[in-house]
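Please look through the sequence and the 3D structure shown below before reading on. The paragraphs after it take the protein step by step, from the whole chain down to single residues.

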Amino acid sequence: MRFLVLLCLLGSPAVADPIGADDFLQADPKQARIGQLLFYDKVLSGNRNISCGTCHHHDFHGTDGLSLGIGEGGTGLGPERQAGDIRKRVPRNAPALWNLGHKDVRVLFHDGRLEVSEIFGNGFNSPAEEWLPHGLDTIVAAQALFPLTAQFEMAGNPGENDVAGAVHDRIDAAWPIIADRVRAIPGYREMFVDAFESVETPADITIVEIGNALGAFIISEWQSFDSAYDAWLSGAPLPPEAEVGRQLFFGEAQCATCHSGPLFTDQEFHALGLPAFGPGRTRRFDPTPRDVGRMGESDALKDAYRFRTPSLRNVALTAPYGHNGAFPTLEGMVRHHLDPTASRTAWRPELAALPDAPWLAEIDFVIQSDAREMARHEAALDIAPMALSDAEIAALVSFLNALTGKTAEDRPLGRPETVPSGIPVDRPSQAFKRLIRAWRVDASEADDGIEAAVRPDPVAVGQGLPRPGIADQRIHLPPRKAQTRRVEPEAVEPAPGFQKADIGCAGMQRDQGGGARRLDLLRLVRPAAEPARAACAYEGALLRQLCDPVLPALVRYQPRAVRGPAE
């Protein structure tokens, strides 16, 4: 849900409507507290090994930082996640959760397979059709139930557990099994009785209450409407570059034709011609590893390869972009809109954040060898080429960053330390958290040499955390004041066999508004001695594992040279 339909052909509005707390569905605090625990409790999954939070984690702003996720059967979190013995990647990028509780939201999922509707008499048009239970309060509550029954997301494979087996009988057969699990946990029983009028005794707990609790949490937890743009709507100026981007967005670039309304989405479906890869969203009668988008739901040929316009609020925090996470940076996604054909031709597999799974490598990009499918895919295009200068593109990206909420990192409930089932809660490893802290750079103390090194550098290969196959690594580190640290030049040393001149560091400025600037990206510059690829090491192994498990360390980062908090 996080790709950008920026360049449509019709006129566009001058501004996006402001939003506030009254524009959101009501969420009961007690129910939201239960939902927070359920969201991170793996008891809801078939094999009790994955939670909603695994792919929509607070530490990754409600996503997982991957192009295509590793669902049931994987281990670890975010870019550290390992494929384990999975049979298939999750076929689409994990959608962001920001502002799903807004009253205007009427359709969800990349292909729009969940809509508010009375076609089946239960309030929704959904994959469960008439078997979706009555009583779900919101579309967000209804949405929360479907990952629980998805084989490669949370349910597991037939024969592994009772949930997976029930799903293959009929989708609604699995939900009572999940509800039984929750009812059996003492910590949940009392909370449900206290929070829901429909629950007088624990025996009354059903999948409806579970869905409504999850919905209440998502609605209340992921509201965000305090960005620099929201301040601009109240009269505060935007930084100069972001203001130029705003004028382009609502003017010449015509972005707001599709990214309209208070959430910057028309909630319609458009074909962008993104590079095709992954296992595809296959159907029983269509096993080809392709993703036909909206057509998979509507069965209408006109909907082929069209996907839902995502909201852009907090979009800078939710890389990678596209229904399949094809582009790691906002700049790359914007440039794709300007010339989809050239962008698709230049795209390379290394840009996809795909955890290593050699047994899946053959299928990951096989669809690109199907000439007829690629021709159909490329012919379905709803955007026309447009010429913008590099400065204008940078301005658009600056404006998109101005849509990030000031309190996006500070959520009402956050991730719980424990859950009532007692199953451990997913969290980044300690080494990974040290890595994030160590590479956080405060731009207010950066000298001119670092800033000068950034400006002539046009390369924006990776956003997110380091991953295999990328020569120039960029690490996206959203600001968190308590953990801001400065990296000293002497902290970076060459590994044995390399010279100091072979390495270097560069930062990327991001305007935070009010004159504050921060270096959110730090890049290991490719050593001259190894022009094709680079590997790096952090405390001996972690970065080497993330960057390239084969090459020796060319750059070694010394954490002891990092100072304490800069602010």
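What follows is a guided walk through this model, which is predicted.

We can begin with the protein as a whole, which holds 19 helices and 11 strands. Of its 567 residues, 58% are buried, and its accessible surface comes to about 22,200 Å², with 53% of that surface belonging to carbon and sulfur atoms. If we consider the contacts between residues at least 6 apart in sequence, 70% of them join residues at least 24 apart. One pair of residues shows how sequence and space can part ways: P358 and A83 are 275 residues apart in sequence, and their C-alpha atoms are 9.6 Å apart in space. P358 itself is found in the loop between α13 (340-346) and α14 (361-364), where it is exposed, with a relative accessible area of 56%.

From the whole we turn to the interior. In soluble globular proteins, nonpolar side chains tend to be buried together. In this model the largest nonpolar core has 65 residues, and those that touch the most other members are L38, L44, L132, W175, Y188, F192 and I210. The helices α1, α2, α3, α4, α5, α6, α7 and α8 each give two or more residues to this core, and α8 gives the most, with 8 residues. To see the surroundings of one core member, the reader can pick out W175, which touches A128, W131, L132, P133, L145, F146, T149 and I207 when residues up to four places away in sequence are not counted. Apart from the core that draws on α8 lies another one, of 40 residues, which includes F249, F264, M333 and A402.

Two helices offer a useful pair of cases for study. In helix α7, which runs over residues 186-195, the buried residues are Y188, F192 and A195. Seen down the axis of α7, these buried residues fall within an arc of 75°, and they therefore line one face of the helix. The face turned away from that buried side carries the exposed residues P186 and E190, while the buried residues of α7 pack against α1 (29-39), α6 (175-183) and α8 (207-221). Helix α12, which spans residues 330-338, has 7 of its 9 residues buried, so this helix is largely enclosed by the rest of the structure. The buried residues in α12 are L330, G332, M333, V334, H336, H337 and L338, and they pack against α13 and α16 (390-401).

A polar residue can also be followed into the interior. Is D230, in helix α9 (residues 228-233), buried or exposed? D230 counts as buried because its relative accessible area is 9%, which falls under the 20% cut-off. The side chain of D230 makes a polar contact with the side chain of S227, at 2.8 Å, and another with the side chain of R313, at 2.9 Å. When neighbours within four places in sequence are left aside, D230 is in contact with F225 and R313.

The cysteines bring us to a further point, since the count of disulfides in this model comes to 0. C52 is in no disulfide, and the nearest cysteine sulfur to its own is that of C55, 9.2 Å away. C52 is buried, with a relative accessible area of 11%, and C55 is buried too, with a relative accessible area of 15%.

Finally, some details of the backbone deserve a careful look. What kind of peptide bond joins A319 and P320? The bond between A319 and P320 is a cis peptide bond, with omega about 0°, and P320 is found in the loop between β5 (307-308) and α12. N314 lies in that loop between β5 and α12 as well, and its phi is near 65°, a positive value in a residue other than glycine. N314 counts as buried because its relative accessibility is 0%. Q254, which is in the loop between α10 (240-250) and β4 (269-270), also has a positive phi without being glycine, with a value near 60°.

Definitions and conventions. Residues numbered from 1 in each chain as written. Predicted model: local features only at pLDDT ≥ 70, side-chain atom pairs only at ≥ 80, totals over all residues. Heavy atoms only, no water. Buried < 20%, exposed > 50% of the residue type's maximum accessible area, 1.4 Å probe, protein only. Polar contact = N/O pair within 3.5 Å; in protein donor to acceptor, adjacent residues only side chain to side chain. Contact = heavy atoms within 4.5 Å. Helix = DSSP H or I, 4+ residues; strand = E, 2+ residues; numbered from the N terminus. Areas by Shrake-Rupley, 256 points an atom, 1.4 Å probe, with all protein chains shown as cover. Arc of directions from axis to C-beta. Core = buried A, V, L, I, M, F, W, Y, C linked by side-chain atoms within 4.5 Å. Disulfide = S-S within 2.5 Å.
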